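Reader: I am in my first year and still learning how to read a structure slowly. Could you take me through one part of this one closely, and tell me how far the picture can be trusted?

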Amino acid sequence: GVAVTVTSFTDLVAFLVGSTTVLPALRSFCVFAGVGIFLDFVFQVTFFLAFVAIDGYRADSNRDGCCCIRLSANYKPSSCCWSRWPFKSGWLQNFIG
């Protein structure tokens, strides 16, 4: 959303300003980092949002997250893994719930 856009824009501007330096190594780094931040923003806006939407459609159609097979109507995930988790007690239990 807005936070990703603002952060990417300010980082891109900072590295573009840094690319005007006379030091060749610093200029190359700033150009490389600026292009990387721009491409990362483009991928976040396009591919990541598309995959989140596809995952939402998967969840709405009652499919498993690993194999995308259809689950039965009375499926409930087991809680056996949580009971064997070694860090269950203490502050982490209160934090996670």
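Author: Read along the sequence, the chain follows the pattern α-α-α-α, and its secondary structure comes to four helices and zero strands. Please keep in mind from the start that this is a predicted model, with an average pLDDT of 80 over the chain and 70% of the residues scoring at least 70. Confidence is highest in helix α1, at 93, and lowest in helix α3 (residues 80-83), at a mean of 56. Where pLDDT is low, the predicted coordinates should not be read in detail. The part to look at closely is therefore helix α1, where the mean confidence is the highest in the chain, together with what it meets in helix α2.

Let us begin with S8, which has its place in helix α1, a helix that covers residues 2-18. S8 has a relative accessible area of 15%, and because buried means under 20%, S8 counts as buried. Leaving aside residues up to four places away in sequence, S8 touches I37 and F41. Helix α2 covers residues 24-60. The neighbouring position in the sequence gives another view of this region: T7 also has its place in helix α1, but T7 is partly exposed, with a relative accessible area of 43%. The C-alpha atoms of T7 and I37 are separated by 9.7 Å, although the two residues are 30 positions apart along the chain.

The aromatic rings add a further link between the helices. A search of the whole structure finds two aromatic pairs. In one of them, the rings of F15 and F29 have their centres 5.9 Å apart and their planes at 75°, so this pair is edge-to-face. Since F15 lies in helix α1 and F29 in helix α2, the pair ties together parts that are 14 residues apart in sequence. Both rings belong to residues that are partly exposed, for F15 has a relative accessibility of 23% and F29 has a relative accessible area of 46%. The other pair is formed by F43 and F47, and it is tilted, with 5.5 Å from centre to centre and 45° between the planes. Here both residues lie in helix α2, four residues apart, which is about one turn of the helix.

If you now follow F43 and F47 to the outside, you will meet them again in a nonpolar surface patch of about 790 Å², which is made by V31, V35, F38, L39, F43, F47, F51 and I54. F43 counts as partly exposed at 45% relative accessibility, and F47 is likewise partly exposed, with a relative accessible area of 46%. These two residues thus take part both in a ring pair and in the patch.

Finally, it helps to set this part against the chain as a whole. Buried residues make up 10% of the 97 residues in the chain, and S8, as we saw, is one of the buried residues. The chain exposes about 8000 Å², and carbon and sulfur atoms supply 71% of that area. Among the contacts with a separation of 6 or more, 19% are between residues 24 or more positions apart.

Definitions and conventions. Residues numbered from 1 in each chain as written. Predicted model: local features only at pLDDT ≥ 70, side-chain atom pairs only at ≥ 80, totals over all residues. Heavy atoms only, no water. Helix = DSSP H or I, 4+ residues; strand = E, 2+ residues; numbered from the N terminus. Buried < 20%, exposed > 50% of the residue type's maximum accessible area, 1.4 Å probe, protein only. Contact = heavy atoms within 4.5 Å. Patch = residues over 30% accessible without salt bridge, like charges linked within 9 Å, V, L, I, M, F, W, Y side chains within 5 Å. Areas by Shrake-Rupley, 256 points an atom, 1.4 Å probe, with all protein chains shown as cover. Salt bridge = Lys/Arg side-chain N within 4 Å of Asp/Glu carboxyl O. Phe/Tyr/Trp six-rings, centres within 6.5 Å; stacked < 30°, edge-to-face > 60°. pLDDT = per-residue confidence, 0-100.
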